[in-house]
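Visitor: Pick one part of this model and take me through it closely. I'd like to know what it's built from, what packs against it and where there is space around it.

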Amino acid sequence: MPQSQFYDPNVVRAKGELRIPTIPLNTYQKCVKDERNNFTDEEFINIFHDMQAIREFETMIFSVRTTKQYNGVDYVYTGPAHLYTGQEAAAVGMAYTLDLSDAIFGSHRSHGEVLARGYSAIRQLGDDELTKIMRTFNNGKTMAAVGTRSQGNVKKLAQDFLLYGFMAELFGRENGFTRGLGNSMHVFFAPFGIYPNNAIVGGSAGITVGAALYKKVMKQKGLVVCNIGDGALGCGPVWEAMNFASMEQFTKLWDDAHKGGLKLVFNFFNNGYGMGGQTDGETMAYGTLARVGAGINADAMHSERVDGYNPLAVIDAYRRKRKLLEEGKGPVLLDVVTYRYVGHSTTDASTYRTKEEIETWQAQDSIQAYRRQLIEAGVATDEELTAIEDGIKNDITEILKLSVDDAVSPRADLKQNPDAIRGFNFSNERIEVCAVGEPDVLIPLAENPRFVKNQKKARYAFDENGEAVSKIRQFNVRDALFEAIIHKFYQDPTLIAFGEDNRDWGGAFGVYGGLTESLPYHRFFNAPISEGTIVSSAVGYALMGGRAIPELMYCDFLGRAGDEVFNQLAKWQAMSAGALKMPVVLRVSVGNKYGAQHSQDWTSLAAHIPGLKVCFPVTPYDAKGMMNAALAGSDPVVFFESQKLYDKGEEFRREGVPEEYYEIPLGEPDIKRTGTDLTILSVGASLYPAMEAAKQLESFGVSAEVIDARSLVPFNYEPVNESVKKTGRIVLVSDACERGSHMNDMARNVTEFCFGWLDAPPVVVGASNGISPCPELEHYYYPQASWILSAVHQKILPLKGYVPEFNYQTLEKMRRERLGL
C-alpha cells in the first residue's frame, strides 16, 4: 500500500450504513415513430438491414450445419456453430454508435457483433480508406474473390468483402480474415474495429481490461467493449477483470494526465442461459444481472438493464454511457436482455426449456417488431423491406458459393507445407520500441539510486585472488534483471509492468527495487491478487500494440492463470495467422522453502504449450542478456527465475557482467564447464548441483561437461549433440518433478539425434514425484550433486568405490511407477 494513503481504524470501524445506487431497468420505452427527429430514414433502414443480415447469415450457418445445404448450395459444415438468432437487435444497437477509434472483443457467440460492427465501420470509412484496407489485406486475395460483384460501388464491395472474409474464415479457407486459423469462435478483423472473439467463456473480460489500459496509458481515443454472455458471470476471471478495471488507483493515485476510470463497457448479452443452465433462477445468485455492478464499486459500475430486443434502446444506452466514460467515470456494466432461439450450439436440442417459452420470445421477435415500426412510421414500405431481405439472401447465397469453391477459396496445404499452421506460433521479429515517443519517466536514468549503486558493484563473483566477493558487493541476478528492465523502460514508451507488491515494495524478491523512483503509476503499478487478469490484461495490452511485463509471484500461481497463459497468451499469434504480435514477458518466480504450494518448478507445463517461448537463466550474465532479448522481441516469453539464486553473483564469466547493453538469443544452451567423459545438461537452478557433481566426479576420473540449457523453447540441440558425440553419455537434471518433466522430451530427442554415439541410455534426474517439503528436508526433494553421482554410478558408468545415496536402479523405478510415486 502506498504510504500516501492511511488506513484509518477510526474510519473503518465507525458505525454507519452503505447506500447502493439505484439501478435503472429498461427505462427506454420509445419506438421508431418517437425517434423520427433523431435518426434519418437511411439510418433507420440501415439498422433493419444489419439485423436482417445477421439473421440470414445465421440461418445459412444453421442450414449447412444441419441439412448440408443452403438455398440450393450444397455444403457440409462440421465446425462449431453458436448462433446469434434472436439476439440481432442487441448487437446492432451496440455497434451503431461506435466510431473508428473504438474496439470490440467478443465470445464464442459473436457472429452478430462481427457483422454489426463491420457494417457500421464500412459506413464510417471513406471509399479510399476502404479500398486501401481491402487491397492491403491478404495481398488483395480476399478482395479479388468478390471484386466483380459490386460494379464499382466501393461500399457494396466492402460489404461483400466483410461477408466473404467472415464466411471463408468459418469454413477454414486461406482467404478468411485469419486465413482459416480462427474459425467461428475466434474471428476478428482489426481494421474494422473487430478484435479477437474468444472461445473460452468470459475469456475476453481480462483482455479488454488490458486493451482499455493501453488506450489509457497511451492517451488514445476510443472506448473498448467487452461482449460476453450472462453465463460468464459464473467464471472467476470475469469478476477479477471487473475489479481490476475498477481499481481505485486509477482515480486516486495516477497523475492528472492519466487519472480516471477505464473507458470500458462490460456488455453482458443476457439471454437467460449459460449452456443449458438457466442463469435466472438456477445457476446464478444475482436475480437481476445489473445488480452485479453494485458489488464492484461505489458507482455500481453505472449498471443498467437495457431492453436488447429494441435496437434503439441499446443505442440510447451507449450514447449515455459514452459520455460517462469520456468523463473518466468508467467502467460501465450493461445488462442487455435478449434471447437465443436456438440451442447453445446446433447439436443442442434445448430440452432444458419449453416450446412455449421459445414461442413467447419469438412472438416478440425484435426484427419483426422493428419492421412493423418502420412501416407504421412511414420510413419504408413492406415492399421496400422485402426487397432488402431478398437482397441480403441473394448476397449470402452468392458469397457462400465463392466461400466453398476450392478454386476460389483454397485451404492451407499442410502436405506441401507442414509448417503452414505451426509456423505462426512465433513471429520472431525484433521490436526495439512498440510505439514512437518519449517514455514517461520521473528522473533521468543516470540519477536512479539503484542504477547508480549497481555501477559500483563487483560484476564478477571473485576477486583477483580467486576469493569470493562479499554478497553485498556482488552484482547478482536480481541486479541483472533490474538493469535490463529499467533500460527498456527508458526506451519503449509503451512498456508497463505490474503484479502483486510491485510498486513501493519493489517486488516480493527485490528485482523491482528502484523502479518506483523512476516510473509514474501508469507505467508501474500494483495489481490485485488476480493472477488470471494480471496475465490476460497483459495480453490485451499487447494486442493493442503495447509491451508488458506481468509478474506471477510464485510459479505455483500459474494454476490461477492457466487459461490466460495457455489459451490466451500462447495462441493469439497463431490464431491470427501472424496478424497480431504478443510482446509480453511473463516473469515467473520458482520458489523454495515454502512447501507444497509455493515451491514447484512448472517449467514443463509452459514448455508443453505451443506458442510460448520458455527460458530459465540462472546466472547474472545470462539473466540480463536473455531479459534484454526477450524485451526486444515480438513473442510471449515465460521468463522463469529462481528464488534460490536472486542473490547469486556471476561465477562463470571472468569478464563479469557488462554494464553496456547486450543480448543472448533465446534457445541457445551454454557450456559452463568442458569435459570429455560425460555430459550433464541442466535446466534452471540445478546448474549448481550439476557443477558440484562435475567437481566430485573428477575424483573418480570422470571428466564431466556441464551445459546450461538456459531455454526450453526454442532450443538448439547442436551444442548438446556435439557434446554427447564426444562423451557418449548424458544426464539431464532439473528441479521439476521427474514425471512429465520436459527433460524426458530432451532425453528422447538426444536419443534420436545421437543414437549411434551413445554408450548408455540418457538418464533424467528430477525432483521427487511428491510434494515439496519443509526447507529442512528439501535436500531430499530437489536434485543434489549426490543424486547425479548415484544416477551415473547405477545407470551409466560405475564409479569405483562409490556408495550411492539414492536408488536409480531399474527395478526401483518400476516399483515407483507401479505405485504412482
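Guide: I'll begin with an open sheet and work outwards from there. Keep in mind that the model is predicted, so local features need pLDDT of at least 70 and side-chain atom pairs count only at pLDDT 80 or more, while totals for chains, interfaces and linings use all residues. Numbering starts from 1 along each chain as its sequence is written, and side-chain values use heavy atoms, with hydrogens and water left out.

Now the sheet. Seven strands make it up, and if you walk across it you meet them in the order S12-S11-S13-S14-S16-S15-S20. The pairing along that walk is mixed. (Helices, H or I of at least four residues, and strands, E of at least two, are DSSP runs numbered from the N terminus; two strands pair if DSSP finds at least two bridges between them.) At the edges you'll find S12 (524–526) and S20 (711–713). Each has a single partner strand, so one side of each has no neighbour in the sheet.

Zoom in on S15 and S16, next to each other in that order. S15 covers residues 613–615 and S16 covers 637–642, and the two run parallel, joined by three bridges. For a landmark on that seam, find Cys615, which faces Phe639 in S16.

Next, look at what lies over the strands. Helix H23, residues 620–631, lies across S13 (548–552), S14 (585–590), S15, S16 and S20.

Another helix to look at is H22, and Ala606 is a good way into it. Is Ala606 buried or exposed? Ala606 is buried, at a relative accessible area of 1% (buried is under 20%, exposed over 50% and partly exposed in between, with a 1.4 Å probe and protein chains only). Setting aside neighbours within four places in sequence, Ala606 is in contact, meaning heavy atoms within 4.5 Å, with Phe566, Leu612, Val614, Val638 and Phe640. Check those against the strand ranges: Val614 belongs to S15, and Val638 and Phe640 to S16. Ala570 is worth finding too: 36 residues from Ala606 along the chain, with 9.3 Å between their C-alpha atoms.

H22 also brings us to some open space, the second largest pocket, at about 430 Å³. (On a 1 Å grid over the protein atoms alone, a pocket is an open set of points with protein on both sides within 12 Å along at least five of seven lines, a cavity is a set where a 1.4 Å probe fits but cannot get out, and lining residues have an atom within 4 Å of a point. Points are joined across faces, edges and corners, and volume is the space filled by probe spheres set on them.) This pocket has 20 lining residues, and those nearest its centre are Ala607, Leu712, Val713, His742 and Asp745. H22 (603–608), edge strand S20 and helix H26 (742–754) each give two or more residues to the lining. The biggest share comes from H26, with four residues. Leu712 and Val713 fall in S20, and His742 and Asp745 fall in H26.

What about enclosed space? There are four cavities of 30 Å³ or more, and the largest holds about 60 Å³. Its lining is Val590, Gly591, Ser599, Asp601, Phe616, Ser642, Lys644, Ala685, Asp735 and Tyr782. Two of these tie straight back to the sheet: Val590 belongs to S14, while Ser642 belongs to S16.

One last stop is a parallel pair further along the chain. S18 (678–683) and S19 (704–708) run parallel, with five bridges between them, and Thr679 sits opposite Glu705 in S19. S18 is mostly covered, with six of its six residues buried. Leu678, Ile680 and Ser682 point one way, and Thr679, Leu681 and Val683 point the other. As a rule, side chains in a regular strand alternate between the two faces of the sheet.

Key: Axes are lines fitted to C-alpha atoms, for helices over the stretch in contact, and angles run from 0 to 180 degrees between N-to-C directions.
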